[in-house]
Amino acid sequence: PGLNIQSTGLPSATIGASYGFSLNQLLSTGYGAAPIVFTLYGGTSLPPGLSITPPSGAISSALTGTPTTAGFYTFSLLATDANSNTVILYNVGLQVSPLGISPPAGSLPPAVAGTSYSTTITASGGSAPYTFKAEYDSDMPPGLSVSPGGVLSGTPGAAGEFLIIVDV
């Protein structure tokens with residue numbers, strides 16, 4: 001059989017965040033006999049921190065890991081079915097971005113104890129939508145909370161300096 005060549009972009013990744021993409025998602029419905037084996041092709045390489053996990057049962061390979069270096073990566077994947085009679089070459093692109101947070105660490109607007117407070121924290125890079133939450137060991141002042149959309153609000157019940165750790 002001939003080599004079918006296709007090009008596609010993958011969902012973006014963020015440095016330091018776990019990434020997982022089932023390579024079955026690249027395939028047309030009904031493609032070949034499972035499992036489908038994906039391998040790197042033509043001397044290309046994956047972004048640092050990512051690897052191709054082998055197929056298991058009827059589930060094809062996956063691209064998994066935690067990327068370590070920002071950039072736009074292009075590489076080629078060869079898909080072969082269990083009977084080795086159907087082959088597709090995918091030329092793929094993957095954007096790996098650092099996660100940006102605004103306002104930057106240490107620069108939240110000051111709050112006053114007993115006075116209503118609200119500010120918004122935003123994220124960029126990686127894959128939206130973002131979900132925000134206060135970490136377990138955060139020193140969040142009583143009366144304040146962070147919404148999943150990144151709004152830090154409430155009425156702080158105590159004065160002082162607090163370390164607020166927000167996980168995105």
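These legends describe close-up views of a predicted model.

**View 1. The whole chain is an all-strand, spread-out protein.** The protein has 15 strands and 0 helices. Its radius of gyration is 22 Å, well over the 15 Å that the globule rule gives for 168 residues, so the protein is more spread out than a compact globule. Along the principal axes, the C-alpha atoms fill a box of roughly 75 × 30 × 20 Å. Of the 168 residues, 30% count as buried. The accessible surface comes to about 9,000 Å². Carbon and sulfur atoms hold 56% of that surface. Among contacts with a separation of 6 or more, 59% link residues 24 or more positions apart.

**View 2. Strands β3, β6 and β5 make an open sheet.** The order is β3-β6-β5, and the pairing is antiparallel. β3 (19-22) and β5 (50-53) stand at the edges. Each has a single partner strand, so one side of each is left without a neighbour in the sheet. From one strand to the next, the twist averages 25 degrees. β5 pairs with β6 (residues 62-65) over 4 bridges, in the antiparallel sense. Within this pair, Ile-52 stands opposite Leu-63 in β6.

**View 3. Leu-63 sits in the largest nonpolar core.** This core has 22 residues. Those that touch the most other members are Leu-10, Phe-38, Leu-63, Phe-75, Tyr-90 and Leu-94. β3, β7 (71-80) and β8 (87-97) each supply at least two residues of the core. The largest share, 5 residues, comes from β8. Which residues does Leu-63 touch, leaving out those up to four places away in sequence? Leu-10, Phe-75 and Leu-94 are among them. So are Tyr-19, Gly-20, Phe-21 and Leu-23. The list also includes Leu-46, Leu-50, Ser-51 and Ile-52. Ile-52 is thus both a contact of Leu-63 and the residue opposite Leu-63 across the β5 and β6 pair.

**View 4. Apart from the largest core lies another core, of 8 residues.** Its members include Tyr-117, Ala-123, Met-140 and Val-146. Ile-121 lies in the loop between β10 (117-120) and β11 (122-124). Is Ile-121 buried or exposed? Ile-121 is buried, with a relative accessible area of 7%. Ile-121 and Val-146 are 25 residues apart along the chain. Their C-alpha atoms are separated by 9.1 Å.

**View 5. A second view of sheet pairing shows β10, β14 and β13.** These 3 strands form an open sheet in the order β10-β14-β13, with antiparallel pairing. β10 and β13 (144-146) stand at the edges. Each has a single partner strand, so one side of each is left without a neighbour in the sheet. Neighbouring strands are turned by 10 degrees against each other on average, direction ignored. β10 and β14 (residues 151-154) pair in the antiparallel sense over 4 bridges. Thr-119 has Leu-152 in β14 as its bridge partner. Strands of a sheet pair through backbone hydrogen bonds, either parallel or antiparallel.

**View 6. Ser-102 and Pro-103 are joined by a cis peptide bond.** Omega is about 0 degrees at this bond. Pro-103 lies in the loop between β9 (100-102) and β10.

Technical notes:
Residues are numbered from 1 along each chain as its sequence is written. This is a predicted model: local features need pLDDT of at least 70, side-chain atom pairs count only at pLDDT 80 or more; totals for chains, interfaces and linings use all residues. Side-chain values use heavy atoms; hydrogens and water are left out. The radius of gyration is taken over C-alpha atoms; the globule rule is 2.2 Å times the number of residues to the power 0.38. Buried means under 20% relative accessible area, exposed over 50%, partly exposed in between (1.4 Å probe, protein chains only). Contact means heavy atoms within 4.5 Å. Accessible areas come from the Shrake-Rupley method with a 1.4 Å probe; for residues, only the protein chains shown count as cover. Two strands pair if DSSP finds at least two bridges between them. Axes are lines fitted to C-alpha atoms, for helices over the stretch in contact, and angles run from 0 to 180 degrees between N-to-C directions. A nonpolar core is a set of buried Ala, Val, Leu, Ile, Met, Phe, Trp, Tyr and Cys residues joined through side-chain atoms within 4.5 Å.
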